[in-house]
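Visitor: Please take me in for a close look at the salt bridges in this one. I'm new here, so keep it plain and show me where the partners sit.

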Amino acid sequence: MKKWIFAVIPMVLLVFTALVAQDDEGDFVKWFDFDVPAAVLRQAYKYDVKSQEKGDAPLDFVQLLAYSAAKNWGSFKSDSECKHMEKVVERVRNGERLHDITQDMDLYNFYLVAYGAVLGGFVGDYEVDGKPAYGLKVFSPIAKGFNFTHSDDFGNPRNYGYSRPHLGHDMFGAVGTPIIAVECGIVEALGWNRYGGWRIGIRSLDNKRYYYYAHLQKNTPYAQGLAEGALVQAGDVIGFLGNTGYSHTENATNIKQPHLHFGMQIIFDESQKNGNNQIWIDTYAITRFLNQNRMEVERVEDGQYRRKIQTNSHPFS
């Protein structure tokens, strides 16, 4: 037992030191895993929303997840791993402050930064048709009413061009399925990429998240009017599912099964965007969580679609 303890503690400290690269000299988080199950995301979300509805002590979605991760050393054993969250919720409801509970938890502070970068702005106040609401301000990347299948394929091998891990999440559906902007952001990339085919890159307004939507439809990959530098709102139709890519030739359809490659890069420092220390996270659980909030669309001219429900979901509103 003693040998196990002395073997594990130095390893934990080494990993923690490597991950928590933040100090007064301007260092930043170089890497972390996001492996929070969808059930845990849903549980934290329910606690947050219920606390707002009842007027109790507010229970913040990201803070609850950070606390649970700190208590679990960042490892969630199963979709039912909510025990630590349940206990801290009860303590807060009994009058304790989460700030006081977590003030000596260094791991909590790390996960608060990390998970805040992933999920910041996902939950909060917004408007639907001019009426105030509280809850999810972000959407599934697949429009409501359109079927898709998916599994956790993050890290699977890819060989086109060169051998590499799959740094995204594939959502298989019918060609032409409307693709939705998950959150508000600025279009940073638009056009052909030999790997992703017709693709869209959208940066969140707080600059921490870069969403990558790839393998879009041949000939008509994008929603009308979409352009680099454009501001898109959460829930906007931005493009259409297809099977383009794996070619230097534009408009080639070398992807065997039509699907959306949905990627999410987390950026703590601008040097990470296109350089070393890129952080791409597994979004399988996030897409399962967002499946409860899918934008309804309606067909318009030229086979295009547009959102049906108007919301004001600015991440900082």
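**A closer look at the salt bridges**

Guide: Let's start with arginine 307 and aspartate 236, whose side chains meet in a salt bridge with N and O 2.8 Å apart (the rule asks for a side-chain nitrogen of Lys or Arg within 4 Å of a carboxyl oxygen of Asp or Glu). Arginine 307 belongs to strand 16, residues 305-307, while aspartate 236 is in the loop between strand 11 (231-232) and strand 12, so this pair ties together parts 71 residues apart in sequence. (Helices, H or I with at least four residues, and strands, E with at least two, are DSSP runs numbered from the N terminus.)

A word on what you're looking at: this is a predicted model, where local features need pLDDT of at least 70, side-chain atom pairs count only at pLDDT 80 or more, and totals for chains, interfaces and linings use all residues. Residues are numbered from 1 along each chain as its sequence is written, and side-chain values use heavy atoms, with hydrogens and water left out.

Back to our pair: are its ends buried or exposed? Arginine 307 counts as buried because its relative accessible area is 9%, and aspartate 236 is buried too, at 18%. (Buried means under 20%, exposed over 50%, partly exposed in between, with a 1.4 Å probe and protein chains only.)

Just past arginine 307 comes lysine 308, which has a salt bridge of its own: glutamate 296 is its partner, and the closest N and O atoms are 3.5 Å apart. Lysine 308 sits in the loop between strand 16 and strand 17 (311-312), and glutamate 296 in the loop between helix 7 (284-290) and strand 15 (297-299), so to speak a link between distant parts of the chain, twelve residues apart. Here both ends are partly exposed: lysine 308 has a relative accessible area of 45%, and glutamate 296 has 30%.

Now move over to arginine 203 and glutamate 188, with closest N and O atoms 3.1 Å apart in their salt bridge. This one runs from strand 9 (residues 197-204), home of arginine 203, to strand 8 (residues 185-193), where glutamate 188 lies, and the two are 15 residues apart. Its ends don't share a setting: arginine 203 is buried at 3% relative accessibility, whereas glutamate 188 is partly exposed at 34%. They have company as well, since Glu270 and Lys273 join Glu188 and Arg203 in a network of salt bridges.

How many salt bridges are there by this rule? The count comes to eleven.

For the setting around them, picture a protein chain with seven helices and 17 strands. Of its 317 residues, 50% are buried. Take the contacts (heavy atoms within 4.5 Å) between residues at least 6 apart in sequence: 66% of them join residues at least 24 apart.

One last stop, for charges outside any salt bridge: Lys46, Lys50, Lys54 and Arg93 form a positive surface patch. (Patch residues have over 30% relative accessible area and no salt bridge, with like charges joined within 9 Å.) Helix 2, residues 38-54, gives the most to this patch, with three residues. Lysine 46 has its place in that helix, and at 47% relative accessibility it counts as partly exposed.

Terms used: Patches are made of residues with over 30% relative accessible area and no salt bridge: like charges are joined within 9 Å, nonpolar side chains (Val, Leu, Ile, Met, Phe, Trp, Tyr) within 5 Å. Accessible areas come from the Shrake-Rupley method with a 1.4 Å probe; for residues, only the protein chains shown count as cover. Lys and Arg count as positive and Asp and Glu as negative; His and the chain ends are not counted. The place of a charge is taken as NZ of Lys, CZ of Arg, CG of Asp or CD of Glu.
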